[in-house]
Amino acid sequence: MNNKRRLERVSSLLKKEISIIILNDLDDNFILENFVSVTKIELSGDLQHSKVFISASAEEKIKKSIIENLNSKKNKIRFLLSQRVEMRRIPDLVFKIDRVLDEGIAVLRVLDKLRKKNDQKNEDSK
């Protein structure tokens, strides 16, 4: 099997299982209250290390607390993963904030402001 395809399949499986673990097995109300979701997983080529990108519907300060909380529980999450997924070695986990959604929203806001200025300029010229 192609190594890239293998990484994609393992990444997809880990994303699904980590999401389930976060929602069902951690028993952490702080995480559950802030609608946390796994958006992407980056795996190293040897499947030894992974970056787990998390999105949350909260302000920046709370997002940082969520990431710290998840990083402090990463050994428990790895253990639970080892019980759910049959792999030779479960990769080391590092949780990070996914900034893509925030950046996308920022771009949309800028575009919206530009559109409003353009509309206002067109109205003034009439």
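Trainee: How do the residues of the lining of the largest pocket divide into nonpolar, polar and charged?
Mentor: This is a predicted model. The lining of the largest pocket has five nonpolar residues, one polar and six charged.

Trainee: Which residues line that largest pocket?
Mentor: From the start of the chain come Arg6, Arg9, Val10 and Leu13. Then there are Asp46, Leu47 and Gln48. Val85, Glu86, Met87, Arg88 and Arg89 complete the lining.

Trainee: And what volume does the largest pocket have?
Mentor: About 250 Å³.

Trainee: Where does Leu47 sit in the fold?
Mentor: In the turn of a hairpin formed by S1 and S2. Five residues lie between the two strands. Leu47 has a positive phi there, about 60 degrees. Leu47 is also one of the pocket-lining residues.

Trainee: How many bridges join S1 to S2, and which way do they run?
Mentor: Seven bridges, and the strands run antiparallel. S2 covers residues 49-56. Ser37 has Ser55 in S2 as its bridge partner. Leu43 is partnered with Ser50 in S2.

Trainee: What's the strand order in the sheet?
Mentor: S1-S2-S3, in an open sheet with mixed pairing. The edge strands are S1 (36-43) and S3 (92-97), and each pairs on one side only. From one strand to the next, the twist averages 30 degrees.

Trainee: Switching to rings. How many aromatic pairs does a search of the whole structure find?
Mentor: Zero.

Trainee: Then what sits over the ring of Phe53?
Mentor: The charged end of Lys40, 5.0 Å from the ring centre.

Terms used. Residues numbered from 1 in each chain as written. Predicted model: local features only at pLDDT ≥ 70, side-chain atom pairs only at ≥ 80, totals over all residues. Heavy atoms only, no water. Phe/Tyr/Trp six-rings, centres within 6.5 Å; stacked < 30°, edge-to-face > 60°. Lys NZ or Arg CZ within 6 Å of the ring centre and 35° of its normal. 1 Å grid on protein atoms, 1.4 Å probe; cavity = no way out; pocket = protein on both sides within 12 Å on 5 of 7 lines; lining within 4 Å. Points joined across faces, edges and corners; volume = space filled by probe spheres on them. Nonpolar A, V, L, I, M, F, W, Y, C, P; charged D, E, K, R; others polar. Pairing = 2+ DSSP bridges. Helix = DSSP H or I, 4+ residues; strand = E, 2+ residues; numbered from the N terminus. Axes fitted to C-alpha atoms, helices over the stretch in contact; angles between N-to-C directions.
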